[in-house]
Amino acid sequence: MVSAVGKKNLMTKSPKETQHLGTLLGNGLNGGEVIGLIGDLGSGKTCFVQGLAIGLGLSAQEISSPTFTLIHEHKGRKRFAHVDLYRLEQVEAAESLGLVDYFDGEGVTVIEWAERALTLLPSEKLLIEFKIQSKDERTLQIEALGESYHSLVDRWVRRYQSGRNQGNP
Ligand code: ADP
Ligand code: MG
């Protein structure tokens with residue numbers, strides 16, 4: 001039996017590479033996915049989301065870091081909600097954002113600082129933890145929870161690896 005939890009680790013050596021990884025994931029999204037991004041300031045979450053946006057038919061420039069709006073809604077190939085909980089003080093505040101309303105829909109939801117509201121996220125989801133290894137190196141620890149996310153990650157990583165074998169970033 002295939003395990004319902006799949007973990008993988010990837011390393012990137014430039015912002016461009018992190019963005020590209022996001023685009024490859026975005027290309028494979030069909031709507032309804034919930035993706036939680038975990039990790040310190042400057043670890044590459046927004047960079048990854050910019051790539052994800054490209055994969056959904058948007059432009060990277062449409063993705064910005066938080067002002068006072070915690071949820072930014074976009075419409076590309078799918079509806080796309082970009083949530084950034086950096087300014088969130090407590091989980092209770094996330095509840096009042098109506099975050100959960102996004103999870104049942106047809107759109108894609110990506111959440112930066114997902115560790116601040118993990119209890120609100122659905123049990124089936126994709127979690128990616130970003131770690132700073134050096135000035136230009138980041139590791140992404142990918143955890144797929146639920147069968148559909150498991151196969152999503154398998155397809156994503158395969159696309160990434162076949163691109164690398166062909167000499168792409
Ligand atoms: P976060 O949203 O996690 O706070 P950002 O994506 O806004 O992080 O910023 C990441 C910063 O780290 C950018 O200044 C980017 O140029 C830099 N950086 C250096 N190497 C990488 C890498 N491999 N992947 C992503 N960002 C990187
Ligand atoms: Mg950010």
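Accessible areas come from the Shrake-Rupley method with a 1.4 Å probe, and for residues only the protein chains shown count as cover. This is a predicted model, where local features need pLDDT of at least 70, side-chain atom pairs count only at pLDDT 80 or more, and totals for chains, interfaces and linings use all residues. Residues are numbered from 1 along each chain as its sequence is written, chains are lettered from A and ligands numbered from 1 in the order in which they are written, and side-chain values use heavy atoms, with hydrogens and water left out.

**Exercise 1. The surface and the overall size**

Task: Find what share of the accessible surface belongs to carbon and sulfur atoms, and state how the radius of gyration fits a compact globule.

Solution:
- Start outside: the accessible surface of the chain is about 8400 Å², and carbon and sulfur atoms hold 49% of it.
- Next, take the radius of gyration over C-alpha atoms, with the globule rule of 2.2 Å times the number of residues to the power 0.38.
- For 169 residues the rule gives a value near 15 Å, and the chain agrees because its own value is 15 Å.
- Finally, look inside: 50% of the 169 residues are buried (under 20% relative accessible area; exposed is over 50%, partly exposed in between; 1.4 Å probe, protein chains only).

**Exercise 2. The magnesium ion**

Task: Which residues are the protein donors of the magnesium ion (ligand 2), and where in the chain do they sit?

Solution:
- Donors are N, O and S atoms within 2.8 Å of the metal (3.2 Å for Na, K and Ca); water is not among the atoms, so sites may look incomplete.
- Thr46 (OG1) and Glu112 (OE) fit, lying 2.1 to 2.2 Å from the ion.
- Thr46 belongs to helix α2 (residues 45-55) and Glu112 to strand β5 (residues 108-112), so the pair, 66 residues apart, links distant parts of the chain (helices, H or I, at least four residues, and strands, E, at least two, are DSSP runs numbered from the N terminus).
- Thr46 counts as buried because its relative accessibility is 16%.

**Exercise 3. The surroundings of Phe103**

Task: Is Phe103 buried or exposed, and which residues does Phe103 contact beyond its neighbours within four places in sequence?

Solution:
- Phe103 lies in helix α4 (residues 100-103).
- With a relative accessible area of 11%, Phe103 is buried.
- Contact means heavy atoms within 4.5 Å.
- Leaving aside neighbours within four places in sequence, the partners of Phe103 are Gly32, Val34, Thr109, Ile111, Leu120, Leu121 and Pro122.
- Gly32 is 71 residues from Phe103 in sequence, yet their C-alpha atoms are 6.8 Å apart.
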